[in-house]
Structures are given as C-alpha cells and as structure tokens.
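Colleague: I'd like to learn how to read burial and ring pairs in a model. Can you walk me through it?

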Amino acid sequence: MLPHQLNPVIEPQFEAVNEYIINHLHSGVPLVEKIGHYIVESGGKRIRPLLVLLAANAVNYKGKQHVSLAAVIEFIHTATLLHDDVVDNSELRRGNDTANAKWGNAPSVLVGDFLYSRSFQIMVEIGKMDIMAVISNATTIIAEGEVMQLLNARNPDTTEASYMQVILGKTAMLFEAATEVGAILADASKAEQEALRLYGRHIGIAFQIIDDVMDYLSSAEEMGKNVGDDLAEGKATLPLIHAMQHGSEEQRTLIRQAIRKGGLDDLQPIMDIVQSTGSIEYARSIAYAEADKAIEALDALPESSFKQTMIQLADLAVKRSS
C-alpha cells in the first residue's frame, strides 16, 4: 500500500494535488515543461505534499488551499532534487536516468529555478504571509544544508553532530515546513502548530537516516539509485561515522581512505564492516528514536483518523526498504 492510500479521505485530495502539479507545470518554453513533467512523474512517493494534507486535516481544515500548498512543497522538493543531482553528478534517481543525465546540467539547474519561482507564485496566490515566511526560511536552510554537505564531502573527520546538522537542513527542514504550513493554513492553535512542526522535523530526520542506511544494504532496483552512491561521493554518513568509531584500526583506515578518494573500489569490504561493527543497527536505532519523537509530538493533537495515519507514516518511514 502506498502512503497516500493509508487514509480514504486523503486519497482523493492527494490525486487533486497530482492534477494541480501537472496543470501548473505549464510554460511557454517546451523544454521547461518536458523536464518538469519528467521529474515530477518519475515515481516518487510524494511524502512531503502528503504531510501538508495530513497536517491540515488533523487540525480540522475545511478549505481547498491545502492542495495548492502541497503542490508548492512538491515543487520545492523537485527543484532541490534537480540541483542535487547536478551537484552530485548523479545518473540514477527513482530507477530512472536523472534529468542532468538526459539533458545536461544547465537545463536541469534552470528548470529547478523555474520550479522554485512557480512555487512562490502559488504562495502569493494563497496569500498568507506567515506561510511564505516559513517556506522562504526553509529554502534558505535547505540551501545551507546542501553547502554544508558539500564542505563535508571527502572529510573522514565529519562528526555525528555535523552529520545530524546537515540532514536537518537538507532533508528534515522541508518535512518540518510541510507540516507547519498545513497547520498555519488551518489556523491551528500555537500548540498544534508546534506539535506538527516537531512531527515533521523528527520524521524527516528518521527518513534521511534510513535512506543513508539503505545505501549499504539495498539493491539499485530497490532503492532507485545506485548502491554505494554516498561512498562514491565521499559522504561520511551515520553508518560510516559509527563504523570508524567502533571498528579496528585497519577497518577505520580503510573507511577513511575510501571517504577521501571517493569511488566504489572498497564498497564490498566497507559494506561488510558497517554490518560487523553494528553500525547498521546503531543508525536504525537513531532513526527509530526520531520516529518515536515524531509520534510523541502528536499527543498535542485531537484524536482523528488523520492523526492515526501520521502515526502509521512515521512507522513506515523507518521500516521501508526503498
């Protein structure tokens, strides 16, 4: 079952978001539309826009603007993917060629810019300054997170604290914005807004840690990207940071050298090390703790089917295999 199918009330709203996205990809420049359609139709689960819908419904929103707001979040997410794939020289995403692999770096970056701009056009139409404030702040922090990740590349001395700061910026921030703006749109109480903001933050952190774990477990078919991409890019993610702290001197040296040089020459022995040092289990335990914090944050919300769906979603985020 796909995440949006967990709640029968949400499913038609989710389909309305998909329709809205397609309708708002229109451009007078054919290549913009072509790349835009390619990336948004490439099979993502659309967790972030789903969170907007769930958050708004969980605090009894009765309007329709949550559909366009969910599309805003998906456009921003898609823009970051286009830019990330250029920065990382990625060739595969969600099992398909990346846009930069098909059309080149320049068109991918510029279409990402178009999607950012379109999202802000839609926010102007929604007309809530506090929503614009949350999302503009989030996009700034996301960009900073990406730059931090770039600075940490090929640095085997990256700490767990630094790693957590990066994933809070580059991933969790948009989850957090999605749930917070859903609450703001519904004129929820400050306590409910804060509860939903924290839910988004913690589920976002959990989601990214599991992504990083799967880089050392899954096949390319399961993940929709190449196994070992993080190692190839010299990213010291949580499994590697823990393995360096708990492995032998020989294992630590191998990982440090692999991070410094990038590439996949040592992928299999490093996959064995992260297993033998308990680093996969450790990273999973951190992700599960974050999911528990997300669920705990929902205590401030009234009981509803939407709240229960959000609890299920937190569980799914850490138990998925793709």
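Modeller: Sure, burial goes by relative accessible area: under 20% is buried, over 50% exposed, and in between partly exposed, with a 1.4 Å probe and protein chains only. By that rule, buried residues make up 57% of the 322 residues in the chain. Keep in mind that this is a predicted model, where local features need pLDDT of at least 70, side-chain atom pairs count only at pLDDT 80 or more, and totals for chains, interfaces and linings use all residues. Residues are numbered from 1 along each chain as its sequence is written, and side-chain values use heavy atoms, leaving out hydrogens and water.

Colleague: How many aromatic pairs are there?

Modeller: Rings of Phe, Tyr and Trp (its six-membered ring) pair if their centres lie within 6.5 Å; planes under 30 degrees apart are stacked, over 60 edge-to-face, the rest tilted. That gives two aromatic pairs here. Tyr38 and Trp103 have ring centres 5.2 Å apart and planes at 80°, so they sit edge-to-face. Tyr38 belongs to helix 2 (residues 30-40) and Trp103 to helix 5 (residues 99-103), 65 residues apart; helices are DSSP runs (H or I, at least four residues), numbered from the N terminus.

Colleague: And which kind of pair do Phe175 and Phe207 form?

Modeller: A tilted one, at 5.4 Å centre to centre with 45° between the planes. Phe175 is in helix 8 (residues 160-185) and Phe207 in helix 9 (residues 190-214), so the pair ties together parts 32 residues apart in sequence.

Colleague: Are Phe175 and Phe207 buried or exposed?

Modeller: Phe175 is buried, with a relative accessible area of 0%, and Phe207 is buried at 13%.

Terms used: Helix = DSSP H or I, 4+ residues; strand = E, 2+ residues; numbered from the N terminus.
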